[in-house]
There are 4 protein chains.
Amino acid sequence: MGVDLNALIGKRLPDWIAMRRDFHQHPELGFTEFRTASIVAERLKGLGYSVRLGRDVMDPDTMYGKPRPDQLEKEMKRALSEGGVASWVDRMAGGMTGVVGELKRGPGPVVAFRFDIDALPIVEETTREHLPFVRGFASRHPGVMHACGHDGHTAIGLAVAEAAAAMGDRWRGTLKLIFQPAEEGGRGALPMVKAGVVEDADYFFAAHLGCNLPSGTIAAAVEKLLFSTKLDVTYRGRSAHAANNPQDGRNALLAGASCALALHAIARHGSEQTHVNVGRMVAGTARNAIAADCTMLVEVRGESDDSLGYMETRAQDIIEGTARQWNVAHSIERMGRTIGEPTDATSQALVTEIARTLPDVKNIVPSWNAGGSDDACYFIRRMHERGKYGAYFVVGSSLAAGHHATSFEFQEPDIAIGVQMLIGLLERLSRAG
Amino acid sequence: MGVDLNALIGKRLPDWIAMRRDFHQHPELGFTEFRTASIVAERLKGLGYSVRLGRDVMDPDTMYGKPRPDQLEKEMKRALSEGGVASWVDRMAGGMTGVVGELKRGPGPVVAFRFDIDALPIVEETTREHLPFVRGFASRHPGVMHACGHDGHTAIGLAVAEAAAAMGDRWRGTLKLIFQPAEEGGRGALPMVKAGVVEDADYFFAAHLGCNLPSGTIAAAVEKLLFSTKLDVTYRGRSAHAANNPQDGRNALLAGASCALALHAIARHGSEQTHVNVGRMVAGTARNAIAADCTMLVEVRGESDDSLGYMETRAQDIIEGTARQWNVAHSIERMGRTIGEPTDATSQALVTEIARTLPDVKNIVPSWNAGGSDDACYFIRRMHERGKYGAYFVVGSSLAAGHHATSFEFQEPDIAIGVQMLIGLLERLSRAG
Amino acid sequence: MGVDLNALIGKRLPDWIAMRRDFHQHPELGFTEFRTASIVAERLKGLGYSVRLGRDVMDPDTMYGKPRPDQLEKEMKRALSEGGVASWVDRMAGGMTGVVGELKRGPGPVVAFRFDIDALPIVEETTREHLPFVRGFASRHPGVMHACGHDGHTAIGLAVAEAAAAMGDRWRGTLKLIFQPAEEGGRGALPMVKAGVVEDADYFFAAHLGCNLPSGTIAAAVEKLLFSTKLDVTYRGRSAHAANNPQDGRNALLAGASCALALHAIARHGSEQTHVNVGRMVAGTARNAIAADCTMLVEVRGESDDSLGYMETRAQDIIEGTARQWNVAHSIERMGRTIGEPTDATSQALVTEIARTLPDVKNIVPSWNAGGSDDACYFIRRMHERGKYGAYFVVGSSLAAGHHATSFEFQEPDIAIGVQMLIGLLERLSRAG
Amino acid sequence: MGVDLNALIGKRLPDWIAMRRDFHQHPELGFTEFRTASIVAERLKGLGYSVRLGRDVMDPDTMYGKPRPDQLEKEMKRALSEGGVASWVDRMAGGMTGVVGELKRGPGPVVAFRFDIDALPIVEETTREHLPFVRGFASRHPGVMHACGHDGHTAIGLAVAEAAAAMGDRWRGTLKLIFQPAEEGGRGALPMVKAGVVEDADYFFAAHLGCNLPSGTIAAAVEKLLFSTKLDVTYRGRSAHAANNPQDGRNALLAGASCALALHAIARHGSEQTHVNVGRMVAGTARNAIAADCTMLVEVRGESDDSLGYMETRAQDIIEGTARQWNVAHSIERMGRTIGEPTDATSQALVTEIARTLPDVKNIVPSWNAGGSDDACYFIRRMHERGKYGAYFVVGSSLAAGHHATSFEFQEPDIAIGVQMLIGLLERLSRAG
């Protein structure tokens, strides 16, 4: 017999919240989560899990948008100076920061949960309304922020690890906890799928906090998880003195400006959700010189391969045509891609069943249009290809501000609901096995 | 009797070129020329000049666009680590990096020469065609480059100091060498004028290398030195997830893009040269978030207060209207201003007279449309207000690429012509006094 | 006993198609359908219907975007010269071109059908692939085209009128045929609703041909009929010689260009379909003069009052901000508005029931996202407000090119399916009454 | 002995002003000046001049931007209905509306004067401040206006014809009066030069009223008459329903908007005046359809073949690149071209000499930067090629509003100064001969 889950939560939740706040203070961008991943690995090992990481769980050939070696080195050093565990960090060379923990309890199904661990390049708000700032756990890494709740996801993952370990014979089979890097940008899941991480799994679940659903709500599936493509666009022109001989310049800044406006003006699809965003642009150097270079981070999305393809083609037209307009050279580098793969009906029913057992869940939404992308879909598609089950569901949480806002903050007690859902699924499937 | 100038040049030119290359390797942006200025001061002192600097020669209230304290501190440290002279650097707190050296030789006119010493935020070319790279003296400061020849100007200034000191009784009166920071951006001259640096001067000369005139050419005056205004523009919007709830965002990147295009599309004046440039734009952070902020470095120019005023008014319309378009907040900060002040006929005649005496000068242009701005005009206007003389002339130099280009490079031997011209003027005016 | 419907169709379809072709050849824009409406009225009267039109069926105060008096006069004259019936045309002063025909067959429900009759300002294709051109019935009115199938709708309406009249006692109650002008632009329905046209109706049906569904398909309801707002935007600047004194101009053409790009770049809503279009822009006069004026036809759409409101607010920001950018005056005139109102379940079931009885219908879609707007929703909303029933359904037709394309063309035999559906509903409701 | 010029002017000026007002009321665009040209021809003949016109004085192969045949026919009809002289109009088929009158007075030099006769596609102002409106002689042709003073030029030409005829033996040689069509757009001069109109001339003068110089001023030459190229740009995309299937469209309106903004944002040359203008844009048809086509009237200018070439190349880049951006087809048609050719010193001295003799001339400017283009330069260049003399000078006139403004109006009495100048030149050269 293991411990009672609710009692455990009652006792441990403050520590899990503290864990989450520690992650919030030390946010790390995709493929540089050295501190986070090494703390995760250390903790899993301490709880008795077998731990695999680095090259064992990631295929380097499908890692898009890897940071440059000097950035990796710098981030590794910082991780070590802030409590990262050197023995694990050493094994994450090249930004292979994924971690997989496994706990076996005799025969039974292999149940996999995915937790994403990366942060965003966003400057965190420092106002009296922003809880992390007021409580003193705002980001210590300037320009990087956990603005999508992955700090909470990581904490849920470690809490589930702890609870499952503590629960003795209340479940059977194998629990596989996947801590995935670089979900933002849609880059971390595919290398883990390619490394075979879910090849032996029978069930796969990924959950997300928030998604515009209030606390106490569970969405049993997510519809319209968008297909997306991430592009880094560069224009290279020629500098010249802006008053002396501007006619000798080739203006990469105006190319960027024209391109950004035209991209945002792409005709949206008539029957599917499509989106485009230029999230960052940097151009030029000196005030009185024609700007010689411009880089842009671009993303297009669609509901299907078709509508994404439409957006990609239009984006390429615009990027190339703009280069011609301003007589500048251009390059387009594909930095990531996500797909949409719907939750299957079996998984959706399982999530619904467990949600109904939880007193804190007041409202169950069968399917929710979350409006975004998540590369968890690569795992789910692989499950479906293998004839197995995969789900993506939402644990509602009343947000202070939307995802990716500078004042994003979820309700920390909702970590408990996440743990209850996943442990509930583990027990339920264990009985099924 | 002093030394013969040509003999001195013959002997010393290699060292002056070496000096220039040292400055080229260590370029410093406006108001952070700690290394350059301290080396200048040390050298002037060693040659017997009385040296004033910092607060004594600069009025802090008219220094626009001062760097932030942390930047100043960082640059000071770097200067010291690269050969800057601490005793002088300590006296340049707050970015007051102007230096004035004076040598008195009995009664006679006060003759002032101005040398600008700052570099540009430009990434220097690293190709086999670029001499500074090939010869190993390219910039060691990433993203900063002497791309306008001020390294040459500084070397000419120190060479003139040396030659004048060595020339014994070949001249009479007072020689005043003004080493001015922050010419780029039009920010360094006004504080020096306001500090009274030319209040006792009878003649003032500033010269520029290059300006699209080939080696062996002197332009005795420059026409249409443009009036200019430098603006830092900021847009502040609101971030939001680019697919989840883009409608909650306020897109500062698109505001910047619209603004840049509209600024460049301002109708140019029908009878005066007018220019506008957005030289740098930085917007947003993450690819999949609506960009919440954008900053732009903007410059407008005209041939007169009137046409500059026209450009300023149009720019302000556009900056404000764009903020309304995208529902973002905006700010406009004035970072610098230059005026145009023509060379007087007396000075122009003097320059012509000296140029005629030089065998290396094959061609004399009475007046040249250099098409740019130089805040030396603040000095010249002050001279004229005081009923004295002021000139801005060009020492032609066949350039590898235009001013502010990433592969800008002048002909180093033309340093000698600069020295000949200025020493020639000094001797001539000495006789006049 | 009346005639057998299928036999009637078999005999009359060629004539109905000829009628449609006649309408196709003589397309008329919204509120100028003098020829079409007068032919409809004449025909209804000939079939024994009581006919009301003009002021009796339209409220002039809610007619947005009425043509100018001289245009109305010109169009009236043309109508008369091309076969319009003068006695009816005289009663349509002011563009009140709606016609309502009623046939009473004793007690029973009042069943209303809506047919829209207006054409679009589109230049019809003249290629060998375009059937109306090949068969010689392309538009004779340059720049005006039935590119949305309303010629077919009008023909269906007259065919239904004929069939219902011919069918003797096979139905009971009152049949009300509403021929609505100016559906394009969403302007014609509201004035008819306000004039009380459906105040006595028990059932209301509007149908549309095509909508991206192939021939043989019926969609029993349409979801997401978009809310839309039509705006006429004018910029007024100042002309000036483009080289002599461009600085005196205020460029309305560039204002239009900036505005159009920015409007199309409005962030689309994350969870609802939203659209924006600038369909027409005219600016300036002479090549070498700064353009002094610009007019644009703009439309924004959303799935709800909320998301439409979002688009309207953003559009207004942009239109106003752009005026400030270019220092031009602006005006915004609201030209029309449509709402979305879903088909009720009762009506949807009725349509489904009838569709099942038709051998030509191979596929029934319960609800279809047609992606557009139709101001038939004003009728449906009024029905629902009155506790009655209202439906909007689709009669699929394999199109040569999409709606509003210059080579739009539907399958003419599908007119028969439209007639079968409506007569089927009439009979069915007659039994219900 | 002929009449005294001043007495003649005193008597005839009111009639000449009436003539000008008649032309002002009946403005005609380039190559459709049927009424104006036929009245000119009739009047010249009546005064005893030999008259050539149509094919005799114009080379059809170098007439760019000819109106379409149906337009020509329409304009011819209107001309006849408004007082045009049929016998002359008949000889101007194809828009060959140039007229040359010659009067021989024995041996002596051939002196040619050029008068341009065309109007602009500008809507004339109808306010209480606009004299032509207040006095009732505003344009009767909607959208066409004499907004550049060519009505005054034509009146001066006929007045000179009358005065020269009346002056008996006060001059010797041959007077050649060239009435040139289509100066706007730079299209009418080249065909007349190619037809040999000035092959026998010894002196050539063209004058322009206004040009930002006040009444009582003569500029003896014009500097920087700009080189210009006129382009008609067309984009052809594909229409689609703006909400239903916008992804099928190819938006030519947005292509036009992007192109116009980018063209106006071309970096202006650092040392020469350069200009660009999109004076007119028309795109799309229906509000709710993606616009399938767009046409633009574009003009680029420079001070030399070089700087014009730079502007042309950049314009072509932009036009082509924009087509790629929006995936639309494009065409560029060259509609006209002007060159700059400076007035020679001999002619300039002659103009100065005559101006000095006139009491109404208070101020003589040696050379004036008028900032525009005039294809009179084709005549002047041809004169210079033949070793003869050619001039372009300005007769100042205090304007109510700048050239091409909707409220342009010059001082009518300045017509007298124009006559005095030209007759003065004729007499002076006659003595020279």
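**Strands, interfaces and domains in a predicted four-chain model**In this predicted model, strand β8 (residues 227-236) of chain D is joined to β10(D) by 10 bridges, with the two strands running antiparallel. Within that pairing, D:Val233 sits opposite D:Met296 of β10(D). On β10(D) there is also an antiparallel partnership with β9(D), this one over 8 bridges. Here D:His275 is the residue facing D:Arg301 of β10(D). With those partners, β10(D) is mostly covered, and 9 of its 10 residues are buried.

The same part of chain D turns up again where chain D meets chain C. The contact draws on 55 residues from chain D and 55 residues from chain C. On the chain D side, α8 (252-264), β9 (275-284) and β10 (293-302) each put in at least two residues. The top contributor is β9(D), which supplies 9 residues to the side of chain D that touches chain C. Sorted by class, that side of chain D comes out as 26 nonpolar, 22 polar and 7 charged residues. The β9 strands also pair across the two chains: β9 (residues 275-284) of chain C and β9(D) run antiparallel and are joined by 5 bridges. In this pairing C:Gly284 stands opposite D:Arg280. So what does β9(D) pair with? Its partners include β10(D) in its own chain, over 8 bridges, and β9 of chain C, over 5 bridges.

Over in chain C, helix α8 (residues 252-264) is worth a quick check on its length. At 1.5 Å a residue, its 13 residues should span 18 Å, and the end C-alpha atoms are indeed 18 Å apart, so expectation and model agree. As for its surroundings, α8(C) is mostly covered, with 13 of its 13 residues buried.

Next comes the contact between chains A and B. Here 55 residues of chain B are in contact with 54 residues of chain A. For chain B, α8 (252-264), β9 (275-284) and β10 (293-302) each supply at least two residues of the side that touches chain A. Which element gives the most to that side? It is β9(B), with 9 residues. The class breakdown for the side of chain B that touches chain A is 26 nonpolar, 22 polar and 7 charged. Strand β9 (residues 275-284) of chain A pairs with β9(B) in the antiparallel sense, over 5 bridges. One of the residue pairs in this match is A:Arg280 with B:Gly284, its bridge partner in β9(B).

Looking at chain A as a whole, the chain has 12 helices and 14 strands. The radius of gyration of chain A is 22 Å, close to the 22 Å that the globule rule gives for 433 residues, so chain A is as compact as a globular protein of that length. Along the principal axes, the C-alpha atoms of chain A fill a box of roughly 85 × 50 × 45 Å. Of the 433 residues in chain A, 64% are buried. Among contacts in chain A with a separation of 6 or more, 83% come from residues 24 or more positions apart.

Chain A also splits into two parts: domain 1 (5-225 + 340-432) and domain 2 (227-337). Taken over C-alpha atoms, the centres of the two domains are separated by 33 Å. Where the domains meet, 8 residues of domain 1 are in contact with 10 residues of domain 2. The domain 1 side of that contact divides into 1 nonpolar, 5 polar and 2 charged residues.

Finally, a couple of single residues. B:Leu103 belongs to strand β2 (residues 99-105) of chain B. Because it has 18 C-beta neighbours inside 10 Å, B:Leu103 counts as partly exposed. Beyond its neighbours within four places in sequence, B:Leu103 is in contact with B:Gly48, B:Tyr49, B:Ala164, B:Ala165 and B:Leu175. Between B:Leu103 and B:Ala260, 157 residues apart along the chain, the C-alpha separation is 49 Å. In chain D, D:Lys77 lies in helix α3 (residues 69-81). D:Lys77 has 13 C-beta neighbours inside 10 Å and therefore counts as partly exposed. From D:Lys77 to D:Val89, 12 residues apart in sequence, the C-alpha to C-alpha distance is 9.6 Å.

How values were computed: Residues numbered from 1 in each chain as written. Chains lettered and ligands numbered in written order. Predicted model: local features only at pLDDT ≥ 70, side-chain atom pairs only at ≥ 80, totals over all residues. Contact = placed C-beta atoms within 7 Å. Helix = DSSP H or I, 4+ residues; strand = E, 2+ residues; numbered from the N terminus. Nonpolar A, V, L, I, M, F, W, Y, C, P; charged D, E, K, R; others polar. Pairing = 2+ DSSP bridges. Domains from an automatic or database assignment. Expected span 1.5 Å × (residues − 1). Buried ≥ 20, exposed ≤ 12 C-beta atoms within 10 Å, placed from the backbone. Rg over C-alpha atoms; globule rule 2.2 N^0.38 Å.
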